[in-house]
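Read the sequence and the model together before following the explanation below. The ligand site comes first, then the cysteines.

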Amino acid sequence: MATMNGVNLFHDNMGEVAQLHGIGVQRFGDTWYAYGEVKFNGNLFQGVACYSTNDFVDWTNEGIVLPVEGDDSIVGPKRIIERPKVLHCPATGKYVMYLHVDGENNYSYAHIGVAVGDSPTGGFTFLNTIQHRGYESRDIGVFQDEDGTGYILSEDRPHGTHIYRLSDDYLSIVEDVVCLKGTNYWAGYESPIVVKRDGTYYWFGSQLTGWDCNDNMFATAPDLHGPWSEWTPFTPEGSKTYESQCDIIVPLPNETAGEDQWHASRFLYIGDRWNPKDLGNSELVTLPIEIEGGNAKLAWHDSWDNGL
Ligand code: DGJ
């Protein structure tokens, strides 16, 4: 049984603040692997860090799995590169990392970056950047369905937020499944997350307020193509998602569904509480989120037992 706080500054096994900003999490085998933006020195690219954990409390530093390359590289030190997410491709056996790759200290490039590795801890080799049909892509997320199909979620400022279906090798986009704006909102939601429980898809996202927090939203659908419900908050209105920006929702194992992530009944919410003046020391909000029967609800706990 692992006790977590509602808000944490996690340290790794080396005693350093774990660089889990813009975190992506997947379970590969018996272990969860988390990928984060290194933000010790501000917002420009300092590599993608990987940590492993069995309980989301103790974090083993697995090193920098996507390093910074030369000044002129698309993964060079002047770039903004955010939200690393990794999927394991069933067809090729490769681990594929997706990133929000942007410009030199600006957000004008707006592409999806793709890197591949042979294990969860890489190293990952950067391949290329993608803009499906020229659509901008900033914040991203990933989802793998129970049939093994992979999806990228991608915020495209002019059009909304897309769910893109990936090719069998997970290296390109083959379908723009859906593109949604928020309910009574000028854009799609950023920091997108999709989880599935018992045949229903739950899509989460944050309004666009820079590093500031807002009331994050969710919608549901019986199929990724839709129809999608209206978007509604999943925390009390005005709480600004307990001062966090949703980042990832992790299905946790339980007694009946075991490791089956698509029929989980317990979920861990992880959100960034950004500190723009000291990004590397930004805290994470970690809370149990109830997802059931078309509803999602996040309640505050100073501390709680995550059952792991
Ligand atoms: C919100 C995004 O979700 C973050 O990843 C980051 O790009 C900030 N905006 C920067 O203002």
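How many Å separate an oxygen atom of the ligand from an N or O atom in the side chain of R83? The distance is 2.9 Å in this predicted model. Taken alone, the ligand exposes 290 Å², and the protein buries 89% of that area.

Two further side chains offer polar atoms to the ligand. In D139, a side-chain N or O atom lies 2.5 Å from a ligand oxygen. For Y107, the separation between a polar side-chain atom and an oxygen atom of the ligand is 3.2 Å.

These three residues belong to a shell that also includes E82, E190, G210, W211 and Q245. By class, the shell holds four charged residues, two polar ones and two nonpolar ones. The space that the ligand takes is the second largest pocket.

The cysteines are the next topic. How many disulfides does a search of the whole structure find? The count is zero. A disulfide requires two cysteine sulfur atoms within 2.5 Å, and two cysteines show why that condition is not met for them. For C89, the closest cysteine sulfur is in C50, 19 Å away, which is too far for a bond. For C246, the closest cysteine sulfur belongs to C213 at 11 Å, again too far for a bond.

Are C89 and C246 buried or exposed? C89 is buried, with a relative accessible area of 0%. C246 also counts as buried, at 0% relative accessibility.

Key
Residues numbered from 1 in each chain as written. Predicted model: local features only at pLDDT ≥ 70, side-chain atom pairs only at ≥ 80, totals over all residues. Heavy atoms only, no water. Near = heavy atom within 4 Å. Polar contact = N/O pair within 3.5 Å; in protein donor to acceptor, adjacent residues only side chain to side chain. Areas by Shrake-Rupley, 256 points an atom, 1.4 Å probe, with all protein chains shown as cover. 1 Å grid on protein atoms, 1.4 Å probe; cavity = no way out; pocket = protein on both sides within 12 Å on 5 of 7 lines; lining within 4 Å. Sits in = over half its atoms within 2 Å of the grid points. Nonpolar A, V, L, I, M, F, W, Y, C, P; charged D, E, K, R; others polar. Buried < 20%, exposed > 50% of the residue type's maximum accessible area, 1.4 Å probe, protein only.
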